[in-house]
Every structure is written in C-alpha cells, then in structure tokens.
Amino acid sequence: MRKKIVLAAMGVLFMGFYSQAQVVIKPAIGINTTDFSKDPGTGEFKGRVGYQIGGSVAIGKKVYFEPGIYYVKKTTEYVTENTPGLEDQDFNISGIRIPLTVGFNLLGNAGSPVSLRGFGGVSAFFLADIKDLDKDDFNTASWGTYLGLGVDFSILFVEASYEWSLTNVQKNIETIDIGKSRSLFAHAGVRIPIGTK
C-alpha cells in the first residue's frame, strides 16, 4: 500500500512538472570527427569527418533535461609511418547514439532572439556496423560523457560538444590497444516548442 502511495505521489509531481515545463522538439543534422586515445607505435589515428542525424526533446526552462537519439557515422583514418607491408586503414563505424543531457540557459531565455546554453551529460553508443573490420572484435555498446555549448536563434539552433568515451573501443586489446574514442560533434536544427512558455 505504501509503495502505491509513493508511486502515485511521484506520478503527480512528474505530471505537475511536465505541465509547467517548456517542451521543445529539436530535429537536427550535423558532422563529427573522432580519434582514439592511443596510437600504435607504427602509426597514428587521424579523425576524419563523419555525420549524424536525429533529434532530441528538451524539457524545462532555465534548467532543462534533454534526451536524444541519433544515427551516427564516425570515420577515423589509421596512417602508417613508413612501415613496409602496412597500409593506411579507415575505421568507418556506424551506430545509434543516445545522449542524456542536462543544460542551463546562460544568457537569454525562451523569448529572446538569441540565447546561449551550456550543457553536459552521458551517452550510450550502440555499434551497428564497422566497414572492412570484424564487428565481433569491437564492443557492441560503449559509454561516454560530454560537455558543450549551444546557441538558439529564434526557431533555429547550433550546438557543439566534445565527448570522452568511458569504455575501450575494442574487446581484445592483447595485440593492439587503440584505447578510447574522443569525438567532437557539431549540429544544427530547428526548435519546435510544444509546451507552455
């Protein structure tokens, strides 16, 4: 009985928060670049331009919570350093990224023509495909944390964030350890308010 009362109270509080919060749907498209934290002795990794497409839902005003989902393609080039028998290799990784963001409006508000936001959070990346390499050698899921800035221009927005992976890219690191991924994301989109202001 006590459990039901607590759950009902939490439900009422959540609905009260939701009814007062501003809700903004944010479809977006953007680019990214990714490299790895460790370079083998025979060469180095260089980030190349990839892309992402998806969207998020921002809930709140001054402080907001923003879950999202994106299809992401990351491209990193492994460049050998004059090593006979080794060729440059591209890591073309694609998958689903789910960021969970907490943000704060630093300058301006929902009614301002221009506003600045700071944000951070945690993310999950679920590997869908890796071209020309054995997918079984890589972790299916990886976790990360990130920080970023966003600027809103009326109904448009641009954002940039830097993400640090918390897990290794590959499963077996006995032969070669490339470490963790580090990614820079930039995207732009449209803000569609559907909540109260």
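**Aromatic pairs and ring-charge contacts in a predicted β-rich chain**

F126 has a relative accessible area of 34%, so this residue counts as partly exposed, the class between buried (under 20%) and exposed (over 50%). The model is predicted. The chain has 197 residues, and 38% of them are buried. Its secondary structure consists of 1 helix and 9 strands.

**Fold and surface**

- Read from the N terminus, the order of elements is α-β-β-β-β-β-β-β-β-β, with the helix ahead of the strands.
- Among contacts in the chain with a separation of 6 or more, 63% are between residues 24 or more positions apart.
- The chain has an accessible surface of about 11,200 Å². Carbon and sulfur atoms contribute 65% of that surface.

**Aromatic pairs**

- How many aromatic pairs does a search of the whole structure find? The search gives 3, and two of them, Y51 with Y71 and F126 with W143, are described here.
- In the pair of Y51 and Y71, the ring centres are 6.4 Å apart and the planes meet at 50°. That angle is neither under 30 degrees, as for stacked rings, nor over 60, as for edge-to-face rings, so the pair is tilted.
- Y51 lies in strand β2 (residues 43-60) and Y71 in strand β3 (residues 63-80). The two tyrosines are 20 residues apart, and their pair links distant parts of the chain.
- Is Y51 buried, exposed or partly exposed? With 39% relative accessibility, Y51 is partly exposed. Y71 is also partly exposed, at 32%.
- F126 and W143 make an edge-to-face pair, with 6.0 Å from centre to centre and 85° between the planes.
- Which strands does this second pair link? F126 belongs to strand β5 (residues 114-131) and W143 to strand β6 (residues 141-153). These residues are 17 positions apart, and the pair again links distant parts of the chain.
- W143 has a relative accessible area of 43% and is therefore partly exposed. Its partner F126, at 34%, is partly exposed as well.

**Charges over rings**

- Which ring has the charged end of K26 over it? The ring is that of F157, and the charged end is 4.5 Å from the ring centre.
- R97 has a similar arrangement with F185: the charged end of R97 sits over the F185 ring, at 4.2 Å from its centre.

Note on methods
Residues numbered from 1 in each chain as written. Predicted model: local features only at pLDDT ≥ 70, side-chain atom pairs only at ≥ 80, totals over all residues. Heavy atoms only, no water. Phe/Tyr/Trp six-rings, centres within 6.5 Å; stacked < 30°, edge-to-face > 60°. Helix = DSSP H or I, 4+ residues; strand = E, 2+ residues; numbered from the N terminus. Buried < 20%, exposed > 50% of the residue type's maximum accessible area, 1.4 Å probe, protein only. Lys NZ or Arg CZ within 6 Å of the ring centre and 35° of its normal. Contact = heavy atoms within 4.5 Å. Areas by Shrake-Rupley, 256 points an atom, 1.4 Å probe, with all protein chains shown as cover.
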